[in-house]
Structure formats: C-alpha cells, structure tokens
Amino acid sequence: MYLCRQYNTNTINMSISRFNAVEKASNRKAVEAVIPDIKVSEYYGENVFNRRAMKKYLSKETYKALTLAIDNGTPIDREIANHVAAGMRMWALEKGVTHYTHWFQPLTDGTAEKHDAFVEHDGNGGMIEEFSGKLLVQQEPDASSFPNGGLRNTFEARGYSAWDPSSPAFIVDDTLCIPTVFIAYTGEALDYKTPPDPLCGSPE
C-alpha cells in the first residue's frame, strides 16, 4: 500500500514538473532579431576565419600553404601550423574571444565540444597566454584515457580530435570553434566528418 501511494505521489510530481516546463516554454518571449543597417555583404562571414581574414592575419607563405591544404589536401607541417594558430588567435582575441574549442560531430546525431582557454602552463608554476600549432592540430576530447578503475585498458577507448583545415574556424559568443574530425587511437572514424577509409570499404 505504501509503495502504491509513493508511486502515485512520484507520478503526480513528475506530471506537475512537465506541466510547469511546458508552461514556462510557452510563455517564453521570442528574441527579437536586430538586422544591421549596413549591407549584408559588409558583415556576412565576419565571425568566420575565411580567406579574407587569412590574408589579413597570415603571412603570404602561410596563406599559400594553408590554401593549398584546403584546396588540394596538401599536408601542413608544424611550423605552418604554428603560424596559422598565431594568426587565428590574434583574429579571435580582437573579437573578444577568451576560449577555443575543437568542435566535432560524434556518432550521436549531435555536436560535441571541448573548451580550453588561451593559456598554457609555463613549467615554472605559472601560466602564459599561448595557442600553438600543437593545440590547434590535435586534442583529446574525452576523459577515457584517465584511470577509471575498470578492467579495460584505458588507451583502447581514447579518442582524438584533429583539425580539419577544409572547414573554416568560426566564433560563437566568446569561443573560437575549430572544426575537427574525431578518430579512435586505431585511426577509425568516430564521427560523421572523417572521410571513409578506402581500405575499410564504403559504409552501407
């Protein structure tokens, strides 16, 4: 009898919570979209690190190497990555950005992010503002590499996000979003963005 009464009470509480949530959502006022008075061409893509921004913040050599990578898939070495990271960071900071994230699309029909600030440990107990090519190119977005007390080898579940130069970085609020692919430590794709491996065959 007690269990039935408790069950009914919980059911009623859940129903009330649902009704309250629906009522709150239905009473929410729509956010007014303010259209700028200037031409669309003057602000379109202003928060995207597109080729116009690349030309402004990158050297000619770095811009050439990056556009070759975007257009032809040419590999980018560490030195070029460092220059791109420096230019991208300068562009983002001028727009009020404080953090960056590797933005990827895991196999969950959604998106995922790992946020970090533009700071690094200096090795002497302090911090320095830095965003290197190493941080731009690769991150480890999941926490499965940390000890979990289980029987599984933690490195077997490790996933990495890797910068995809073919998609331009963009800004949302105060965060620089860097489009990336998401792969396992074995090289297998864990997202919808990574091109299929021809050795593994086409996905059905």
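Helices here are DSSP runs of H or I with at least four residues, and strands are DSSP runs of E with at least two.

**Figure 1. The whole chain, a predicted model, with six helices and eight strands.** Reading along the sequence, you meet the elements in the order α-α-α-α-α-β-β-β-β-α-β-β-β-β. The protein has 204 residues, and 26% of them count as buried. The close-ups that follow go to a cavity, the salt bridges, a buried aspartate and a backbone angle.

**Figure 2. Close-up of the one cavity of 30 Å³ or more in the structure.** Its volume comes out at about 50 Å³. Around the cavity you'll find F49, M54, L66, I70, M88, W163, P165, S167, P168 and A169. Sorted by class, that lining is nine nonpolar residues and one polar residue, with no charged ones. To get your bearings, pick out A169, one of the lining residues, in the loop between β6 (159-163) and β7. A169 has a relative accessibility of 4%, so it counts as buried. A169 also sits 9.9 Å from T101, C-alpha to C-alpha, although 68 residues separate the two in sequence.

**Figure 3. The R51–D71 salt bridge, one of two in the model.** Side chains of opposite charge can pair when their charged atoms come close. Here the side chains of R51 and D71 meet with an N to O distance of 2.6 Å. R51 belongs to helix α3 (residues 51-57) and D71 to helix α4 (residues 60-72), so the contact ties together parts that are 20 residues apart in sequence. Neither end is buried: R51 is partly exposed, with a relative accessible area of 35%, and D71 is partly exposed too, at 48%.

**Figure 4. Close-up of the K193–D164 salt bridge.** The closest N and O atoms of this pair are 2.9 Å apart. It links distant parts of the chain, with K193 in the segment after β8 and D164 in the loop between β6 and β7, 29 residues apart. Are the two ends buried or partly exposed? K193 is partly exposed, since its relative accessibility is 23%. D164, at 14%, counts as buried, because the cut-off for buried is under 20% relative accessible area.

**Figure 5. D191, a buried aspartate with no salt bridge.** D191 lies in the segment after β8. Which side chain of opposite charge is nearest to D191, and how far away is it? That would be K193, 7.4 Å away. A salt bridge needs the nitrogen and the carboxyl oxygen within 4 Å, so K193 doesn't make the cut for D191. What D191 does have is polar company. Its side chain reaches the backbone nitrogen of F182 at 2.8 Å. The side chains of D191 and T194 are joined by a polar contact of 2.5 Å.

**Figure 6. D173, a residue other than glycine with a positive phi.** If you're checking backbone angles, look at D173: its phi is near 60°. Where does D173 sit? It is found in the loop between β7 (170-172) and β8 (175-184). With a relative accessible area of 72%, D173 is exposed, whereas D191 from the previous view is buried.

Methods:
Residues are numbered from 1 along each chain as its sequence is written. This is a predicted model: local features need pLDDT of at least 70, side-chain atom pairs count only at pLDDT 80 or more; totals for chains, interfaces and linings use all residues. Side-chain values use heavy atoms; hydrogens and water are left out. On a 1 Å grid over the protein atoms alone, a cavity is a set of points where a 1.4 Å probe fits but cannot get out, and a pocket is an open set with protein on both sides within 12 Å along at least five of seven lines; lining residues have an atom within 4 Å of a point. Grid points are joined across faces, edges and corners, and a volume is the space filled by probe spheres set on the points. Ala, Val, Leu, Ile, Met, Phe, Trp, Tyr, Cys and Pro count as nonpolar, Asp, Glu, Lys and Arg as charged, and the others, Gly among them, as polar. Buried means under 20% relative accessible area, exposed over 50%, partly exposed in between (1.4 Å probe, protein chains only). Lys and Arg count as positive and Asp and Glu as negative; His and the chain ends are not counted. A polar contact is a pair of N or O atoms within 3.5 Å; within protein, one must be able to donate a hydrogen and the other to accept it, and residues adjacent in sequence count only if both atoms are side-chain atoms.
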